[in-house]
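Biologist: I am new to this structure and should be grateful for a close look at its aromatic residues and at the pocket. Please define each term as it arises.

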Amino acid sequence: AQRAVVGQSINEFYVIRHKGVNPQTGDFEWLDVDGNPTTTYDPSNNRQYVGSAIPQFIGGINTTIAYKGFDATFLFNFTYGNLVLIDGLRFTENMVAPGFNKSVALLDYWQEVGDEAFAPSLASQTVNSFNQLSTLQVQNGSFLRLRNVNVGYTLPPRLLSGQNAIRSLRIYALAQNLWLWNDSTFRGPDPEVSANGPNTAVQGQSFFALPQPYSLQIGVNVGF
């Protein structure tokens, strides 16, 4: 799905461009190298560079707010302008092969002239190939994530007076991956997950990778 070629940036996706289901025929269509619609899936001749997995912008925002005994820390991180390949969709959006749980997107298939459908007609010759590797699985990977939220309350010293054991006490709640904003059309578990881990040669590709988990921790910090 990616090629490293002189003159191109690293991690460039090199795939066939998909056009979608033809509302008149129910056939799934791709674009050839000249941009003409075709119902023939031909990766040998029709692949094109469609964009990079490397973000144009990447960053984060960290802020802490404190008022009297209350404090709150928020950490956001984001990427913008990158593509990701959710490769598992080739299997979950396969209309004919058994062995995998199927996506509910397949329920939106062409049935009559004029249908703007996601999947082709069940009688189409393209029903066996529309899920093959193309820009259908390459999606907008831009996101904004609320990575960490830490909210706490520190008891005032006057409430701890009269005893010598506890010097300070803070009650807190820590949440991770609490909120995610990304493209509303994104089909996949997580735009940030990569199936290749730290492999810098292949970025932005995911194959049945799990989404980053949400967690909530409640605790007490005690100083003696």
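Modeller: The aromatic rings are described below, followed by the pocket and a small sheet.

This is a predicted model, in which local features need pLDDT of at least 70 and side-chain atom pairs count only at pLDDT 80 or more, while totals for chains, interfaces and linings use all residues. Residues are numbered from 1 along each chain as its sequence is written, and side-chain values use heavy atoms, with hydrogens and water left out.

The structure holds 12 aromatic pairs (rings of Phe, Tyr and Trp, the last by its six-membered ring, whose centres lie within 6.5 Å; planes under 30 degrees apart count as stacked, over 60 as edge-to-face and the rest as tilted). One of them joins F28 and W30 edge-to-face, at 5.2 Å centre to centre and 65 degrees between the planes. Both F28 and W30 are buried (under 20% relative accessible area, with exposed over 50% and partly exposed in between, for a 1.4 Å probe and protein chains only). F118 and F130 also form an edge-to-face pair, with 6.1 Å between centres and 85 degrees between planes. Because F118 and F130 each lie in the loop between α1 (89-92) and β9, their pair ties together parts that are 12 residues apart in sequence. Helices (H or I, at least four residues) and strands (E, at least two) are DSSP runs, numbered from the N terminus. F118 and F130 are buried as well. Ring pairs link F28, W30, Y41, F118 and F130 into a cluster.

The largest pocket has a volume of about 270 Å³. On a 1 Å grid over the protein atoms alone, a pocket is an open set of points where a 1.4 Å probe fits, with protein on both sides within 12 Å along at least five of seven lines; lining residues have an atom within 4 Å of a point. The volume is the space filled by probe spheres set on the points. Of its 19 lining residues, P55, T79, N82, E192 and Q203 are the closest to the centre. Strands β6 (57-67), β7 (70-80) and β8 each supply at least two lining residues, and the largest share, 3 residues, comes from β7.

Strand β8 also belongs to an open sheet of 3 strands, ordered β9-β8-β12 with mixed pairing. β9 (138-140) and β12 (205-206) stand at the edges with a single partner strand each, so one side of each is left without a neighbour in the sheet. β8 (residues 83-86) pairs with β12 in the parallel sense over 2 bridges (strands pair if DSSP finds at least two bridges between them). There, L85 stands opposite Q205 in β12.
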